[in-house]
Every structure is written in structure tokens, then in C-alpha cells.
Amino acid sequence: MSFPQVIRGSVGRQGVNNPDDMRLVEDLLCGNHDYVLRRQYLPPTTVAPGECDPVLIEAILDFQKGSMPVPNGRVDPPTGGESNINRLTWERLVRPPLQQLPQTLGRGYYSYSHGPQRQFGTPMAIKTLEQVAGIFFTRMRYNEPAIPGNRPYREIGIGDISFVKGGPIPPHGEHRWGTDVDIRPLRKDGQRAAVSIADGQYDREATRVLVEALLSHMNVVRVRFNDTKIKGVIWTPKHDNHLHVDLLD
Ligand SMILES: [Zn+2]
């Protein structure tokens, strides 16, 4: 049996709840997002026409907790729905699952996250990070004559992105859907260690090259970081020791 690719009416709490649409939402939750419904569906005959099975509402609520601050248990069609937040749920449902940043060494970056389970991003976010690491490496070589001192090879340190299914990831307020990334500023000694803009080891020139590589990428929206001597960064409290990068996709 084939299903329509787009829901025709809203699904979930106080939705229109066409049977085909409910099935499609369930398929997307389970197939696209490895979602496991908490318990068996009610037999269809016990759900009145136009009502949504509470199990499905619960699953939608849980899914929304991954990506939005106020879950409401409902998905609207991509066009003609009643609210942006419900349309956003649909967009998230049809998106491919998050991918892990490859953890292999030798790609121009290293991880300083508290675990590989905290480094899942959208496919585009992961591609962006790999590309930026490559651009940074190339530009550092190009800039070497202009940067004083004999420097060790530097990789960029990538921290938290998101959990595999998104959602709250303490201590961050954001990082909910694979499009926020923390990156360390560069150090003069090339150590894989933290550094703050007030430290002697902080390397402004290399960090400037990193910021330029980020901001030249079409998927980078903005970079929050507190060394405002670097053009293009946005000062934000508590961003002396990392760059918070907002990605479009
Ligand atoms: Zn952050």
C-alpha cells in the first residue's frame, strides 16, 4: 500500500486526523527518526473518526521536545496549516535524521565534546564542518607568511553539536536540532586544549582565519565570539572561550 507523501490535513491533538495522514506521520516518526512508539497502537476501531490515537499524540509531543520549546502534540501540513510551529514539526519530520561528525582523526579537526553522542548534526551541518576544516587548513598555509612566528599545524576543536534525536542538551540553551556548533579559538602552541581570549596562548590571527572561513561558507548564519577585534563576530556573554556557530541548515 502506498501513502501520500504529504499530509492533507493536520494530525494530532485537535487535528483533522485523516487515517492516511496519521499513518504517514507514524511512518515518518518510526522510519525517518528511528522512533519507537511507547506502546502498541489502539485498535483503529476504538478511535473515533477524527480523533487521534493518544499514543501517536504522545509520540508527536516527544518528537517536538527535540526541536521546539513549546510542544503541542500536533503536525500541520506544509501549506495551509494553522500555525508555523506545527508546519515546523512537519519540516522536521521529513528531514533526514541527524548524522554524527566523523570521529576519525586527520581531517583537520578534533573533538573536545564530552562524548561522541553529543556530536550529531544535520547532514548539511556535518558537511559544512568538514569543508570549513579544509578551508581553514588551506588558508592557514596561505596566510603563514603573514602570520609571525613558526607555528605548529593547527586543527580546529569542535565541541557539542546535538544529540542524535536533538532535544535539550545541558548546559546549552540551544543546540537542539543539529545546526548549532561550538568551536574552540585557536592556540599558538597547537595543543588540543581550551583557551580563552585573555590567555597568552590565544592566537587571534589563526582564530581570525577560522572566523573568515566560517563566515565565507554559505551555510553559516553567524558566529558568536567575544574577541571583537575580529571582524564579523557577535559579542555574547560567556563566549570568551568558544565560538558558537549558527548554521542555516
Ligand atoms: Zn553553543
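## Reading a predicted chain, feature by feature

Guide: Read from the N terminus, the protein chain goes β-α-α-β-α-β-β-β-α-β-β-α-β-β. That makes five helices and nine strands, where helices (H or I, at least four residues) and strands (E, at least two) are DSSP runs numbered from the N terminus. Keep in mind that this is a predicted model: local features need pLDDT of at least 70, side-chain atom pairs count only at pLDDT 80 or more, and totals for chains, interfaces and linings use all residues. Residues are numbered from 1 along each chain as its sequence is written.

Visitor: What share of the protein chain counts as buried?

Guide: A residue is buried if 20 or more other C-beta atoms lie within 10 Å of its own, exposed if 12 or fewer, and partly exposed in between, with C-beta atoms placed from the backbone. Here 37% of the 249 residues count as buried.

Visitor: How do I check the length of a helix, say helix 2?

Guide: Take 1.5 Å times one less than its number of residues as the expected span. Helix 2 (residues 54-65) has 12 residues, so it should span 16 Å, and its end C-alpha atoms are indeed 16 Å apart. Its buried residues are L56, I57, A59, I60, F63 and Q64. They sit on the same side of helix 2, because they cover an arc of only 160° around the axis; the arc is that of the directions from the helix axis to the C-beta atoms.

Visitor: And which residues of helix 1 are buried?

Guide: Those are D21, M22, L24, V25, E26, L28, L29 and H33. Helix 1 (residues 19-33) reaches 21 Å from its first C-alpha to its last, close to the 21 Å expected.

Visitor: Now strands. What should I look for in strand 7?

Guide: In a regular strand the side chains alternate between the two faces of the sheet. In strand 7 (residues 180-183), D180 and D182 are on one side and V181 and I183 on the other, and all are buried. Strand 7 pairs with strand 9 (residues 243-247) in the antiparallel sense over four bridges, pairing being called when DSSP finds at least two bridges. D180 has D246 of strand 9 as its bridge partner.

Visitor: Which residues have the most contacts inside the largest nonpolar core?

Guide: A nonpolar core is a set of buried Ala, Val, Leu, Ile, Met, Phe, Trp, Tyr and Cys residues joined through C-beta atoms within 7 Å. The largest has 31 residues, and L129, F136, V181 and L210 have the most contacts inside it. Helix 4 (123-143), strand 6 (156-158), strand 7, helix 5 (204-215) and strand 9 each give two or more residues to this core. Helix 4 gives the most, with seven residues. Apart from it lies another core, of 16 residues, including V11, C52, A59 and I60.

Visitor: What does F136 touch?

Guide: Contact means C-beta atoms, placed from the backbone, within 7 Å. Leaving out residues up to four places away in sequence, F136 touches G108, I156, V209, L210 and A213.

Visitor: Any backbone oddities to inspect?

Guide: Try the phi angles. N17, which is not a glycine, has a positive phi of about 60°; N17 lies in the loop between strand 1 (11-12) and helix 1. N17 is buried, with 24 other C-beta atoms within 10 Å. K238 also has a positive phi, near 65°, in the loop between strand 8 (220-224) and strand 9, but K238 counts as exposed, with 10 C-beta neighbours inside 10 Å. Then look at omega: the peptide bond from P170 to P171 is cis, with omega near 5°, and P171 is in the loop between strand 6 and strand 7.

Note on methods
Two residues are in contact if their C-beta atoms, placed from the backbone, lie within 7 Å.
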